[in-house]
Amino acid sequence: STAQSTYTMTQGPALPRDTVSSPTSGSDDGFVSAGLGFTFTFWGQSYTSIYINTNGLCRFPAGSTSFSPVSFPSSSFTYSIGVFWQDLNPGGSTTAITYGTLGSGSSLRFVVSYNGVGHYSSSSITVTAQLILYANGVIVISCTACNSNGATHSIGISGSATQGIQAAFNGNSQTNIAWTFTPPCVIPPAFSVNPSAASGNCAARTTW
């Protein structure tokens, strides 16, 4: 294998949804900090917690109340993940967005679940999606039914101001689709079979 400085993105059908129950902020434009339960490497940086924003944005360095999506890479939103970043509103429900750590060994993962979260402009149009962070560094954004209200949303990952991969930046709904982002030190498995089964191969990585 050869050294790389970015992730490899592949696309497939949405994954079966994990069940996680830890509550988050029910406030419009709110966020909470959540412990991952393991150390996660993202664009060469190590993190043990993540900030979960109610607008479909997850960040590592700091929380954000932003409801205005940007494309990746972004100097304003470094080390961030757009799950389905749009102007959403959990409507006061602390279980509209949940999280938790599941599994062990090669299946150890942290999951953020958006459970039918409505849009700020139309609560009847909802987003059902999950962000899955595997302990081996693999990232999956899975849209079971990410319904758009026509406004632009952002799906993708951002590292430094010059690092990023955009999966979608448009106003289209995303249904039964998932994207996996595999770091350069991991051999990706067949996407639709078992993303958690990737094996370590970090010797080839020299720099991010």
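Is C58 buried or exposed in this structure? The model is predicted, and C58 has a relative accessibility of 0%. Buried means under 20% relative accessible area, so C58 counts as buried.

**Exercise 1. The disulfide**

Task: Find which cysteines form a disulfide, and describe the link.

Solution:
- Step 1. Look at the sulfur atoms: those of C143 and C146 are 2.4 Å apart.
- Step 2. Apply the cut-off, which is a pair of cysteine sulfur atoms within 2.5 Å. C143 and C146 therefore form a disulfide.
- Step 3. Count the pairs: the rule gives one disulfide.
- Step 4. Read the angle about the S-S bond, which is -90° and makes the link of C143 and C146 left-handed.
- Step 5. Check burial. C143 counts as buried because its relative accessibility is 0%, and C146 is buried with a relative accessible area of 0%.

A disulfide is a covalent bond between the sulfur atoms of two cysteines.

**Exercise 2. Two residues of strand β14**

Task: Place T180 and N176, and state how buried each is.

Solution:
- Step 1. Strand β14 covers residues 174-182 and holds T180; N176 lies in strand β14 too.
- Step 2. T180 has 5% relative accessibility, so T180 counts as buried.
- Step 3. N176 has 48% relative accessibility, so N176 counts as partly exposed.
- Step 4. Look for a contact of T180: its side chain reaches the backbone oxygen of I139 at 3.5 Å.

**Exercise 3. Backbone exceptions**

Task: Find which peptide bond is cis, and where a positive phi occurs outside glycine.

Solution:
- Step 1. Begin with the general rule. Most residues other than glycine have a negative phi, and most peptide bonds are trans.
- Step 2. The peptide bond from F72 to P73 is cis, with omega near 5°. P73 sits in the loop between β5 (57-59) and β6 (80-85).
- Step 3. Y79 is not a glycine, yet has a positive phi of about 45°. Y79 is also placed in the loop between β5 and β6, and counts as buried because its relative accessibility is 15%.
- Step 4. N176, a residue other than glycine, has a positive phi near 50°.

**Exercise 4. The loop after β14**

Task: Describe the place of P184 and its separation from W43.

Solution:
- Step 1. P184 is in the loop between β14 and β15 (186-187).
- Step 2. Its relative accessibility is 11%, so P184 counts as buried.
- Step 3. P184 and W43 are 141 residues apart along the chain, and their C-alpha atoms are separated by 9.7 Å.

Note on methods: Residues are numbered from 1 along each chain as its sequence is written. This is a predicted model: local features need pLDDT of at least 70, side-chain atom pairs count only at pLDDT 80 or more; totals for chains, interfaces and linings use all residues. Side-chain values use heavy atoms; hydrogens and water are left out. Helices (H or I, at least four residues) and strands (E, at least two) are DSSP runs, numbered from the N terminus. Buried means under 20% relative accessible area, exposed over 50%, partly exposed in between (1.4 Å probe, protein chains only). A polar contact is a pair of N or O atoms within 3.5 Å; within protein, one must be able to donate a hydrogen and the other to accept it, and residues adjacent in sequence count only if both atoms are side-chain atoms.
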